[in-house]
There are 2 protein chains.
Amino acid sequence: MSTFFTPGPAALFPTVEAHYAEAFRQNIGSISHRSAAFRKIYQHADEQLRILFGLPKETAVLFTGSATEIWERAIMNTVEHESFHLVNGSFSKKFYDFSKELHKFAHAMHKPFGEGFDASEVEVPEYAELICCTANETSSGVQMKAAEIHKIKKANKDKLMMVDMVSSAPYTNLDFNLVDSAMFSVQKAFGMPAGLGVWLANEKMLEKSERMKLHEGIVGTYHSLPSLWENYKKFETPETPNVMGIYVLGKVAEDFNKIGVDVMRKETDRKAKALYDFADKSANFEIFVENPNHRSATVVVLNCKGLAGDVIKQVQAKSDMILGSGYGKMKETQIRIANFPAVNEEQVQALIATLGSL
Amino acid sequence: MSTFFTPGPAALFPTVEAHYAEAFRQNIGSISHRSAAFRKIYQHADEQLRILFGLPKETAVLFTGSATEIWERAIMNTVEHESFHLVNGSFSKKFYDFSKELHKFAHAMHKPFGEGFDASEVEVPEYAELICCTANETSSGVQMKAAEIHKIKKANKDKLMMVDMVSSAPYTNLDFNLVDSAMFSVQKAFGMPAGLGVWLANEKMLEKSERMKLHEGIVGTYHSLPSLWENYKKFETPETPNVMGIYVLGKVAEDFNKIGVDVMRKETDRKAKALYDFADKSANFEIFVENPNHRSATVVVLNCKGLAGDVIKQVQAKSDMILGSGYGKMKETQIRIANFPAVNEEQVQALIATLGSL
């Protein structure tokens, strides 16, 4: 069986298939989304995610079709005029582009592909309403540490702060008493099949959306924050959601909590260190992100001496391991290695052995 | 094992669980949505749905998170100023409400709950850009026959026509050379777990959206028609979609095509006739929709002499069959029986026997 080191969709967490089988056994594909059975499923996912992320009671757990959707909904619901974006790769740029497409005045601070941001150099424009950070730029393997994100918020307490943690949740240890909102999708570190986005948003986000709506703003319909939140209060969703996905997410979050998120973070750090140490000594690979503080723990990007496509083919042929290719223009020169909880230390060591043998 | 006669989420089609198991076996939860493997899955679903619905080449098959989402996207993308809605129940009203929430001028022709529309009585306002029909009003069990929908379009050729066929696809035999767009979700007659919406839209819909965008209209971001369509041309999606859902939908559509959609429609008619004939003669039940032409073939709504909740409980206790309750205010007096392909003639006869024995 193939081992997926791709950065999303990614390897399934080992318990996922059994959780789906149990969901079928329990008729979870047929139950009404207006039933007590569904409300229990939502409540369970909510409880487990609250533990995992240390959410204060002011923060809601909301579901959408994808994390991409949440970029759009967040802008529509909390930016009346101006947003501010830290852009250093393809995904942070998409978030920025969405704001422009929605006819907002989108400010950005740009960094070259492969570089990261420190709070000390970030100046947030005066009238920006929402600060958009990317905790892990999946395209370039650059992370922004929670501490840096927190500093920006502390220096801009009057503004809302939204963190894209798509490929780093639950590794990024955000303080949700500071950060107003974050989002992720389930096909990355949660190791689930795609089709569900998770939006963590606090009451300040809701209040902003309600204010915009009152002032004749268009905040969307069923997936506006007021609509999502109103339904959330009774553990329901505005539309028929991905019920099985919500069920399995609750179960996976419970599995994570049993291991303990701190244990998982340390394991992620050890695996990342092993991969970076290997590349550092290798003659065939080179760490792409120069600044060690900005190197992602969850998506390791390496420059290849030879053609990246050949490396990917050889690793698959030799060990049935699937690596991610470099993003966009980097396809020919880089490989991306997802270091998510679904791949354990033995698997990472086996990958290192294979890469070392090429 | 329980038999679900609920109108959505509903009974799973008998092949669905095996298709999911095969999807896990093939690592479909882990493959990239930018890979040839995914494009093949999308293409297969596209081919099978084209056969099932008899789609002309001008019509695209697009995927969203839910059918609810498509109400919003259709209005955002094709209504610059005015929409027109046929409203006769909770779901057609939501479609109408969405248009108002998006600050469009939404016209409506209203009928009381339980009544339907004939083309001859429908007058479409002069400046309406999009005509919104509901082929099957899931809340009241009222259908609008394809022939009536076609007549309205023929009388309004300059306007776009969008059909909500959420709980009647693929039963409603629409002519997609006439109708510009239709949508459904997979947890109704396709008998799949929820979490995927299907949007059939032709080039006229796309052109309208492109024109609106050119004139500074806000048509959304990743799920705007131009964005969905651009990706569709290479069998990709803008975001990471519900890949497993798309795979299973292609397989279920293939299963349907093997049976033949005409055979399935006839079976639906026979099962509906059996249910209505039973109610007609029963002392405990009464057909809710008076006009036989407007009675839904896919969602049968019956008035109960006693408390509907008691009927539902007794049927479950006696035969492990799950009925739908009446929608909203009708919860105490009505039951709703989904007559989808997942329940066969024997199961419908068994339900009739149980209802008759109460």
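Okay, to start us off: which residue does Lys93(A) form a salt bridge with? The partner is Asp97(A), and the closest N and O atoms are 3.0 Å apart. If you look at the helix α4 of chain A, both residues are in there, four residues apart, which comes to about one turn of the helix. Before I go on, keep in mind that this is a predicted model. Over all chains, the count of salt bridges comes to 42.

So, how many of those sit between the two chains? Between chain A and chain B the count is four salt bridges. One pair you can pull up is Arg73(B) with Glu72(A), where the side chains meet at 2.9 Å, N to O. If you'd rather count polar contacts across the two chains, there are eight residue pairs, with both residues at pLDDT 80 or more. As for where chain A touches chain B, the elements giving two or more residues to that side are α1 (16-25), α3 (67-78), α4 (90-101) and α8 (243-259) of chain A. By class, that side of chain A has 20 nonpolar, 18 polar and eight charged residues.

Now the interface as a whole. People often give the size of an interface as the accessible area lost when the parts come together. Here chain A and chain B bury about 3900 Å² between them, and 60% of that is on carbon and sulfur atoms. Over in chain A, the residues that lose the most area to chain B are Phe24(A), Ser30(A) and Thr221(A), together 16% of what that side buries. In terms of contacts, 46 residues of chain A touch 46 residues of chain B.

Next up, cavities. How many are there of 30 Å³ or more? The count is six. The largest has a volume of about 190 Å³, and 27 residues line this largest cavity. Nearest its centre you'll find Thr64(A), Gly65(A) and Gly195(A), along with Gly65(B) and Gly195(B). The elements giving two or more residues to that lining are β2 (59-64) of chain A and β2 (59-64) of chain B. Split by class, the lining of the largest cavity is eight nonpolar, 15 polar and four charged residues.

The second largest cavity holds about 90 Å³ of space. Both chains contribute to the lining, which includes Tyr20(A), Pro193(A), Met244(A), Tyr20(B), Pro193(B) and Met244(B). What about charged residues in the lining here? There are none: the classes are eight nonpolar, three polar and no charged.

Last thing, some backbone oddities to look at. As a reminder, most residues other than glycine have a negative phi, and most peptide bonds are trans. In chain A, the peptide bond from Gly8(A) to Pro9(A) is cis, with omega near -10 degrees. You'll find Pro9(A) in the loop between β1 (3-5) and α1 of chain A. Over in chain B, the bond from Gly8(B) to Pro9(B) is cis too, with omega near -15 degrees, and Pro9(B) sits in the loop between β1 (3-5) and α1 (16-25) of that chain.

And where's the positive phi? That's Asn27(B), which isn't a glycine and has phi near 60 degrees. Asn27(B) is in the loop between α1 and α2 (36-53) of chain B. Okay, that's what I had.

Key: Residues are numbered from 1 along each chain as its sequence is written. Chains are lettered from A and ligands numbered from 1 in the order in which they are written. This is a predicted model: local features need pLDDT of at least 70, side-chain atom pairs count only at pLDDT 80 or more; totals for chains, interfaces and linings use all residues. Side-chain values use heavy atoms; hydrogens and water are left out. On a 1 Å grid over the protein atoms alone, a cavity is a set of points where a 1.4 Å probe fits but cannot get out, and a pocket is an open set with protein on both sides within 12 Å along at least five of seven lines; lining residues have an atom within 4 Å of a point. Grid points are joined across faces, edges and corners, and a volume is the space filled by probe spheres set on the points. Ala, Val, Leu, Ile, Met, Phe, Trp, Tyr, Cys and Pro count as nonpolar, Asp, Glu, Lys and Arg as charged, and the others, Gly among them, as polar. Contact means heavy atoms within 4.5 Å. Buried area is the accessible area (1.4 Å probe) that two parts lose on being put together, summed over both. A polar contact is a pair of N or O atoms within 3.5 Å; within protein, one must be able to donate a hydrogen and the other to accept it, and residues adjacent in sequence count only if both atoms are side-chain atoms.
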